[in-house]
Amino acid sequence: MGDSSKQLIKFGTKSVFVRESTGEERKPVNLVLEKKIAQNDMPYIHDALMFKIFLLLPAKPLLKLSSVCKAWHKIIKSSDFIETHLRGSKTMLIFLNSSTQRRHNCFTFEGKLGELEPFTLFPGPTLPYHNYMCLVDIQDGRGKICDLNIICDGNILASCNGLVLLKRKLKNGQQCLFVINPMTRKIISIPLGTICSRSGGDSYGFMFCPSLGKYKVVHLFRDTMSYIGCEILTLGAGSWKEVDGPSSSLLRRFKDYAVPAIGALHWLPATPGSEYIVSMGIEDEKFHKKTLPNASGVNDGLVEMGEFLCFVNVGVYQIDLWTLKDLHMEDWVKQHTIILAFSKCLIPVSSLQNGKELVFKKRGGNSIYVYDCQLEIVQKVVMETGSLVVWGVRLCGRWKAKKMWGKIAYENVLL
């Protein structure tokens with residue numbers, strides 16, 4: 001090779017020595033690298049820039065990157081990053097689609113929990129139904145059903161930040177609650193808590209608690225004496241905690257789900273003509289009563305729009321959208337008025353695009369409508385693929401994702 005300097009090459013675990021043309025002593029490679037690192041010659045990227053780079057990535061790569069070093073782990077696991085990442089996510093509706101066709105290579109709870117799947121040599125005249133977890137992606141007035149390839153023979157109770165709370169019956173006949181991340185397919189089993197034998201006699205809420213950095217499951221139920229009880233379970237804890245529930249006179253009847261917004265869970269009494277909502281702060285776990293701008297009707301509902309709570313007051317030919325930004329310090333403000341050319345009996349379902357769109361379903365039908373808050377127009381969603389059966393399933397669950405497949409918004413419990 002002559003007298004010229006030689007390139008440094010590493011074979012296996014052996015360090016190749018380099019003899020400089022100046023006649024200096026040979027130095028092992030690892031000592032040269034350690035000296036450069038000690039002198040801070042290695043490139044450094046500021047944490048603020050890494051924060052912005054990580055925001056462009058979906059959840060799966062973030063999981064791997066959080067294990068690279070302590071600095072990246074601290075950024076990705078921080079509450080500021082999680083909240084910012086969620087705000088930039090796309091929201092889609094989640095529902096369960098029933099089918100008699102059993103698909104292969106699907107994720108099943110039986111396989112995850114080590115249960116034996118039912119098998120018989122003599123199947124009956126009718127095939128059993130299975131529920132498959134699906135998404136509805138709505139964009140520019142067109143809808144597309146996206147199958148998550150997950151068999152979920154249960155009921156969706158609530159969703160929050162990409163996690164889904166559902167109730168499922170085990171093989172031994174007992175019921176159990178589960179929290180599942182549809183993207184990572186990881187699940188957490190939760191004890192059922194107080195069993196309510198009355199139909200429509202209980203309600204679940206699911207929300208993230210910033211001070212604890214954990215999620216809380218809230219269960220309202222009506223006992224045999226018609227009193228409303230309340231129990232709360234923090235994910236990671238082993239048992240439910242009993243707290244003082246709302247007055248029975250406030251919620252004679254309540255809908256089967258609670259709406260999370262502005263740091264609280266909110267229930268709209270199912271009784272038409274109600275003049276208030278009942279809310280529970282996720283931090284202090286105290287119940288409050290908030291007066292509505294108008295008495296509620298049969299088709300009225302609560303939805304989260306952006307970061308605020310919205311009361312959708314549905315009339316025959318007019319729909320008013322009232323926004324609440326703070327549970328204690330602010331009052332309702334009318335943000336939009338939707339004029340309908342004819343009566344459609346629309347029921348509010350959820351919001352999309354960080355509160356820029358509001359989704360309705362038609363009472364007694366399978367049609368979905370979207371109201372664009374910027375263009376101020378209502379249009380019927382045309383389904384490109386698949387059929388959407390609104391009755392019998394809840395469309396109120398929301399599932400946040402960066403894109404349609406494989407890029408769920410980041411969360412910090414099951415990942």
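Modeller: A residue is termed buried under 20% relative accessible area, exposed over 50% and partly exposed in between, with a 1.4 Å probe and protein chains only as cover. The structure is a predicted model, in which local features need pLDDT of at least 70 and side-chain atom pairs count only at pLDDT 80 or more, while totals for chains, interfaces and linings use all residues. Residues are numbered from 1 along each chain as its sequence is written, and side-chain values use heavy atoms, with hydrogens and water left out.

Biologist: What makes strand 10 a mostly covered strand?

Modeller: Strand 10 spans residues 202–209, and 8 of its 8 residues are buried. On one side these are D202, Y204, F206 and F208, and on the other S203, G205, M207 and C209, which leaves both faces covered. In a regular strand, side chains alternate between the two faces of the sheet.

Biologist: How many helices and strands does the protein chain have, and what defines them?

Modeller: There are 6 helices and 27 strands in the protein chain. Both are DSSP runs numbered from the N terminus: helices are H or I of at least four residues, and strands are E of at least two.

Biologist: How do you know that strand 10 and strand 11 pair?

Modeller: Two strands pair if DSSP finds at least two bridges between them. Strand 10 and strand 11 (residues 214–222) have 8 bridges in the antiparallel sense, and therefore they meet that condition. In strand 11, F221 is the bridge partner of D202, and K214 stands opposite C209. The two strands form a hairpin with 4 residues between them, and G213 in the turn has a positive phi of about 70°.

Biologist: Why are strand 10 and strand 13 called edge strands?

Modeller: They belong to an open sheet of 4 strands in the order 10-11-12-13, paired antiparallel. Strand 10 and strand 13 (241–243) each have a single partner strand, so one side of each lacks a neighbour in the sheet. Neighbouring strands of this sheet are turned by 25° against each other on average, direction ignored; the axes are lines fitted to C-alpha atoms, for helices over the stretch in contact, and angles run from 0 to 180 degrees between N-to-C directions.

Biologist: Which strands stand at the edges of the sheet 6-7-8-9?

Modeller: This open sheet of 4 strands also has antiparallel pairing. Its edge strands are strand 6 (154–160) and strand 9 (186–190), each pairing on one side only. Strand 9 is joined to strand 8 (residues 175–181) by 5 antiparallel bridges, and I190 in strand 9 is the bridge partner of L177.

Biologist: Why is I53 called partly exposed?

Modeller: The relative accessible area of I53 is 36%, which lies between the limits for buried and exposed, so partly exposed is the term that applies. I53 lies in helix 2 (residues 47–55).

Biologist: What makes I45, L49 and I53 a nonpolar patch?

Modeller: A patch is made of residues with over 30% relative accessible area and no salt bridge (a side-chain nitrogen of Lys or Arg within 4 Å of a carboxyl oxygen of Asp or Glu); nonpolar side chains (Val, Leu, Ile, Met, Phe, Trp, Tyr) are joined within 5 Å, and like charges within 9 Å. Together, I45, L49 and I53 have about 250 Å² of accessible area, computed by the Shrake-Rupley method with a 1.4 Å probe, where for residues only the protein chains shown count as cover.

Biologist: Which residues does F287 touch?

Modeller: F287 is in strand 17 (residues 287–291). Contact means heavy atoms within 4.5 Å, and the residues that F287 touches include L220, W267 and G245, not counting those up to four places away in sequence. F287 and G245 are 42 residues apart in sequence and 7.1 Å apart in space, C-alpha to C-alpha.
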